[in-house]
Amino acid sequence: MMIETRAVTKSYGPSPALCGLSLALREGEIVAVTGPSGCGKSTLLHVMSGILRPDDGEVRYRGARIDDLSEARRSLLRRTDFGVLFQFGQLVAELPAVENVALPLLLGGTGRREATAQAADWLERLGVAELARQLPGEMSGGQQQRVALARALVTGPKVLFADEPTGALDSLAGELVMGHLVRAARTQGTSVMLVTHDATVAAYADREIRLRDGVVEGDDGVLDGAFVATGTSR
Ligand code: ADP
């Protein structure tokens, strides 16, 4: 398994958010985590990406526990192995697109020239090369989200965590972002955990896991394994 949780619990004070939740993502698998508001989706994403620590249970990445690592080690893992895409507000407003995308590479020690070249390459792959010198405030929401996707993928993450990635977009822009997200993830074998309550977004996934009250209510497993054989999306 690429990443998994085992009997994870997490409470905020007296109110439980995750109640012994176990799930797993394979390498290259795109999983949609769905369920009603308050069922624990965001908490799960934060626990799996190491932003929050579970109260009990385990999070394993490539077989090794990561929930018991120090804050510094977990934050390093997020820089090197994970990518994160949120709904909005994630780009640095003062920096043009190409510098926003280059940022994670620069933070990881890549030289400026190389980082800029890779950032420009990713903007091109996501169809927004012409926006390289523009500031986020000069772009549409869909364009900003494609730049944010480039930034989440530029380091070649093994796992991409996406929290309502199209939540702030109209349906056409949202479908464009999802098409790019799925294609990019497939070309580099990235596992994707897609938190959404939008059925059209969930339809891009290989598998849907439904949560209810902090546990897994259902796992469709429809394409379980099928995508591995064909390598295609539906
Ligand atoms: P979802 O993403 O599915 O809407 P969340 O993970 O945000 O669900 O929330 C799960 C439960 O935990 C909800 O009952 C919510 O009210 C509660 N919760 C989430 N974040 C906090 C917080 N920072 N403080 C207190 N309660 C929280």
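V147 has its place in helix α5. In this predicted model, V147 makes a convenient starting point for a tour of the helices. With a relative accessibility of 0%, V147 counts as buried, since the cut-off for burial lies at under 20%. Leaving aside residues up to four places away in sequence, V147 touches L91, A97, V101, L123, V128 and M139. A further residue, V98, is separated from V147 by 49 residues in sequence, while the two C-alpha atoms are 8.3 Å apart in space.

Two of the residues touched by V147, A97 and V101, lead directly to the packing of helix α3 against helix α5. The axes of α3 (residues 97–107) and α5 (residues 141–153) come within 7 Å and cross at roughly 25 degrees. The two helices are therefore roughly parallel to each other, as angles under 35 degrees count as such. The crossing of α3 and α5 is right-handed. On the α3 side, the contact is made by A97, N100, V101 and P104, and on the α5 side by V147, A150 and R151. Sorted by class, the residues of this contact comprise 5 nonpolar, 1 polar and 1 charged.

Helix α3 also meets helix α4 (residues 112–125), and here the axes come within 8 Å and cross at roughly 125 degrees. That angle makes α3 oblique to α4. The crossing of α3 with α4 is right-handed. From α3, the residues A97, V98, V101, A102, L105 and L106 take part, and they meet R112, A115, T116, Q118, A119, A120 and L123 of α4. The class count for the contact of α3 with α4 is 10 nonpolar, 2 polar and 1 charged. A97 and V101 of α3 appear in the contact with α5 and also in the contact with α4. L123, a participant from α4, is likewise one of the residues touched by V147.

Turning to the protein as a whole, the chain holds 8 helices and 10 strands. Along its principal axes, the C-alpha trace spans about 45 × 40 × 35 Å. A compact globule of 234 residues would have a radius of gyration near 17 Å, and the protein, at 17 Å, agrees with that expectation. Buried residues account for 49% of the 234 residues. Of the contacts between residues at least 6 apart in sequence, 69% join residues at least 24 apart.

Helix α1 offers a clear case of burial. Of the 8 residues in α1 (residues 41–48), 6 are buried, so the helix is largely enclosed by the rest of the structure. The buried residues are K41, T43, L44, L45, V47 and M48. Just after α1, G50 adopts a positive phi of about 85 degrees.

Backbone angles deserve a short look of their own. Most residues other than glycine have a negative phi. Against that background, A7 has a positive phi of about 50 degrees although it is not a glycine. A7 is found in strand β1 (residues 3–12) and is partly exposed, with a relative accessible area of 41%. E164 is another residue other than glycine with a positive phi, in this case near 45 degrees. E164 lies in the loop between β7 (159–163) and α6 (171–187). With a relative accessible area of 12%, E164 is buried, whereas A7 is partly exposed.

Two further glutamates round off the account. E71 lies in helix α2 (residues 71–80) and is partly exposed, with a relative accessible area of 45%. From E71 to L52 the separation is 19 residues in sequence and 9.4 Å in space, C-alpha to C-alpha. E217, for its part, lies in strand β10 (residues 215–219). A relative accessibility of 46% places E217 among the partly exposed residues. Not counting residues up to four places away in sequence, E217 touches R210, L211 and R212. Finally, E217 and R112 are 105 residues apart in sequence, with 47 Å between their C-alpha atoms; R112 is one of the α4 residues in the contact with α3.

Definitions and conventions
Residues are numbered from 1 along each chain as its sequence is written. This is a predicted model: local features need pLDDT of at least 70, side-chain atom pairs count only at pLDDT 80 or more; totals for chains, interfaces and linings use all residues. Side-chain values use heavy atoms; hydrogens and water are left out. Buried means under 20% relative accessible area, exposed over 50%, partly exposed in between (1.4 Å probe, protein chains only). Helices (H or I, at least four residues) and strands (E, at least two) are DSSP runs, numbered from the N terminus. Axes are lines fitted to C-alpha atoms, for helices over the stretch in contact, and angles run from 0 to 180 degrees between N-to-C directions. Angles under 35 degrees count as roughly parallel, over 145 as roughly antiparallel, 65 to 115 as roughly perpendicular and the rest as oblique. A crossing is left-handed if the near helix is turned anticlockwise from the far one by less than a right angle, and right-handed if clockwise. Contact means heavy atoms within 4.5 Å. Ala, Val, Leu, Ile, Met, Phe, Trp, Tyr, Cys and Pro count as nonpolar, Asp, Glu, Lys and Arg as charged, and the others, Gly among them, as polar. The radius of gyration is taken over C-alpha atoms; the globule rule is 2.2 Å times the number of residues to the power 0.38.
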